[in-house]
Amino acid sequence: MSSAPASRSQHCPHGTLGLAHWKLCLLLLLTACVPATATSTSTRTSTSTRPGIEARLTQKALEFGRRFGLELLRSELQKEHELNLRGSYNTPLLGTLTYTVPRIHIQELQMNDSTVAFAEEVGVRLELQRARVLLRADWGAQLGALQDSGSVELHMQDLSLVAVLGVGTDDSGHPVVWSAGCDTRGTDLHLEFHHGHSWLYNLLTPLLRRALQQQLNKQLCLELRRGIDRLGAALKEMKVTTQVDAFAAIDYSLLGPPAITGEHGDIALKGEFFRVGKAQQDPSSPLPMVLPQLLPRLLPGTHGDTLLLAVTDFLTNSAAFTYFTAGALRRNISGDTLPRRFPLQLRTKSMGVFAPQLQERYPELPMELQLSARRQPLLSCHPQALHGALFGSAEAFVVLPDATRVPAFLLDIDANVTGKPSIRGNRLGGTVKLTGLRVTQVTSRVGPVEVKRLETLLKFGLWLFGVPWANKQLQAGVPLPIPRGFSLLNPRLSLQEGFVLIATDLQYEP
């Protein structure tokens, strides 16, 4: 049976490190923060409205997305649609012609000239000119006592369409879209009837053209609105939280409606980590948000990019806080886990150099270290580098022959590191550097510990083994969460005061 650890270690968060310490390294490379005092909240939702992520979509982004929007429009329209079009027309000689068109199918849709732009304070405006539509429809007709049915082809040329897509958010942070305006005009309509007494109806097409043209103009907008409604329903069901691992999830819901001007659209995402299945404590004081907060401070030369992404300090604050309170920043180290050439071996003979009574009481026995974070890591971003302050504790145990662990001493180990992030393709990487290390004795059951000598040896060991290993892992990078088929084109990463800015173009390959 193992003995109880030193008193303070009982208050450290428990758990296994797993991938969490790896994520902590990446926190330093993502962005930065010096957190304010934590305040409790009764639910996961933070009382802060400070964004963790802000994005700016430029006019170039709209041009990039225009072809996808047109393909979506084409796919929505080029389907069979229930029309239930009914009407009648009085002919001077033949009497009243009554017609029905129950359904319609758009077989061809050519959009020759199209432009897309931001609609200030609303959303996005799409304009089509000189479009061409080929429709095929079933029809039924009655002229006096004569009933007939068949099909008809309609060629509408010189079609223009202006549609405005409104963009907003609901109370749960889901994006909301709606049709904020639609107008279609087609000035050149040709009809050709098939089957039945089509020869007769083809004679009447000049009389039917105007009525059908008005109905079709109306129907195109109606179908477009239905497509937007279906998109809105899908967005409402979209998940705005994602579980990262067993410890943490991230909330990327919208904090408010996009701030749209005539030149760009700014989006603020919550970007907050929270514990899986637990109430969250806000790691930062509530701050009012006036969009856009960060993006007006962009450096010259970023205005020609498709997407600008600012990862703010709030995201890193919440991530460090979440993993700390979840007990993920904790690990047990035995002699088998250290490199063979590491200058400090976990045996009483080796450690006895720094605590002479240790070797006297427990000669030639193995030892274990229990490492944990005693405080939330502090990270800050500056134009020169990312800075991190890590506050850890290391409790040493002697492992007796019967596997009992006997507490030996407890140390505080504080480290300062700097990091330089890098981005290559769709992967985020970087390098870290140890800039300071301080070891202090908290308690000891084996007499005084020569912490200065131990500190010097640890610095050498980390410089020789720890930092190169970390940089090797970080330089390989981790994939960024980018939708399938998309890739970053010529991405550039820069450090700003309090956030990391990524400026990039986009590329799509199906």
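Is Arg66 buried, partly exposed or exposed? Keep that one in mind as you load things up, and remember that what you have open is a predicted model.

**Stop 1: helix α2**

Select residues 59-77, which make up helix α2, and show the side chain of Arg66. The opening question has its answer here: Arg66 has a relative accessibility of 26%, so it counts as partly exposed. Now add Glu63. The two side chains form a salt bridge, with 3.2 Å from N to O. Arg66 and Glu63 sit three residues apart in α2, about one helical turn. That spacing makes sense because an α-helix has 3.6 residues a turn, so residues three or four places apart point the same way. As for Glu63, a relative accessible area of 36% makes this residue partly exposed too.

**Stop 2: strand β6**

Next, pick residues 123-143, which is strand β6. Zoom in on Arg130, which lies in this strand. Have a look at the backbone: phi of Arg130 is positive, at about 55°, even though the residue is not a glycine. Arg130 is partly exposed, at 46% relative accessibility.

While you're in this part of the chain, turn on the side chains of Glu127 and Arg125. They meet in a salt bridge of 3.6 Å, N to O. Glu127 comes out at 23% relative accessibility, so it is partly exposed. Arg125 is also partly exposed, at 36%.

**Stop 3: the disulfide**

How many disulfides does a search of the whole structure find? Just one. Select Cys182 and Cys221 to see it, with the sulfurs 2.1 Å apart. Cys182 belongs to strand β8 (residues 175-194) and Cys221 to helix α4 (residues 205-237), so the bond ties together parts that are 39 residues apart in sequence. Put a dihedral on the S-S bond and you should get about -85°, so this disulfide is left-handed. Cys182 and Cys221 are both buried.

For another cysteine, jump to Cys381: at 2% relative accessibility, this residue counts as buried.

**Stop 4: helix α4**

Stay with the helix that carries Cys221 and select all of α4, residues 205-237. There are 33 residues here, and the helix reaches 46 Å from its first C-alpha to its last, close to the 48 Å expected at 1.5 Å a residue. Look along the axis for the bend: α4 turns by about 30° at Ala211.

**Stop 5: a salt-bridge network**

The whole structure has 16 salt bridges. You've already seen two, so here's one with a longer reach. Select Asp251 and Lys270, whose side chains meet at 3.8 Å, N to O. This pair links distant parts of the chain: Asp251 is in strand β10 (residues 248-251), while Lys270 is in the loop between β12 (264-269) and β13 (272-275), 19 residues away. Both Asp251 and Lys270 are buried. Add Glu272 to the selection and you have a network of salt bridges linking Asp251, Lys270 and Glu272.

**Stop 6: helix α8**

Now for residues 451-476, helix α8. This one has 26 residues and spans 35 Å from first C-alpha to last, close to the expected 38 Å. Where is the kink in α8 centred? Go to Leu462, where the helix kinks by about 45°.

Colour α8 by burial. The buried residues include Val451, Leu454, Leu458, Phe465 and Leu474, and among them you'll also find Glu455 and Asn471. For a contrast, select Phe460, which is in α8 and is partly exposed, with a relative accessible area of 41%. Add Trp463 and Leu464: with Phe460 they make a nonpolar surface patch of about 340 Å².

Before you leave, step just past the end of α8 to Gly477, where phi is positive, at about 80°.

**Stop 7: strand β23**

Finish with residues 486-496, strand β23, and select Asn490 within that strand. Here is another backbone oddity to check on your Ramachandran plot: phi of Asn490 is near 55°, a positive value in a residue other than glycine. Is Asn490 buried or exposed? Exposed, with a relative accessible area of 54%.

Definitions and conventions. Residues are numbered from 1 along each chain as its sequence is written. This is a predicted model: local features need pLDDT of at least 70, side-chain atom pairs count only at pLDDT 80 or more; totals for chains, interfaces and linings use all residues. Side-chain values use heavy atoms; hydrogens and water are left out. Helices (H or I, at least four residues) and strands (E, at least two) are DSSP runs, numbered from the N terminus. The expected span of a helix is 1.5 Å times one less than its number of residues. The bend at a residue is the angle between axes fitted to the seven residues ending there and the seven starting there. Buried means under 20% relative accessible area, exposed over 50%, partly exposed in between (1.4 Å probe, protein chains only). Patches are made of residues with over 30% relative accessible area and no salt bridge: like charges are joined within 9 Å, nonpolar side chains (Val, Leu, Ile, Met, Phe, Trp, Tyr) within 5 Å. Accessible areas come from the Shrake-Rupley method with a 1.4 Å probe; for residues, only the protein chains shown count as cover. A salt bridge is a side-chain nitrogen of Lys or Arg within 4 Å of a carboxyl oxygen of Asp or Glu. A disulfide is a pair of cysteine sulfur atoms within 2.5 Å.
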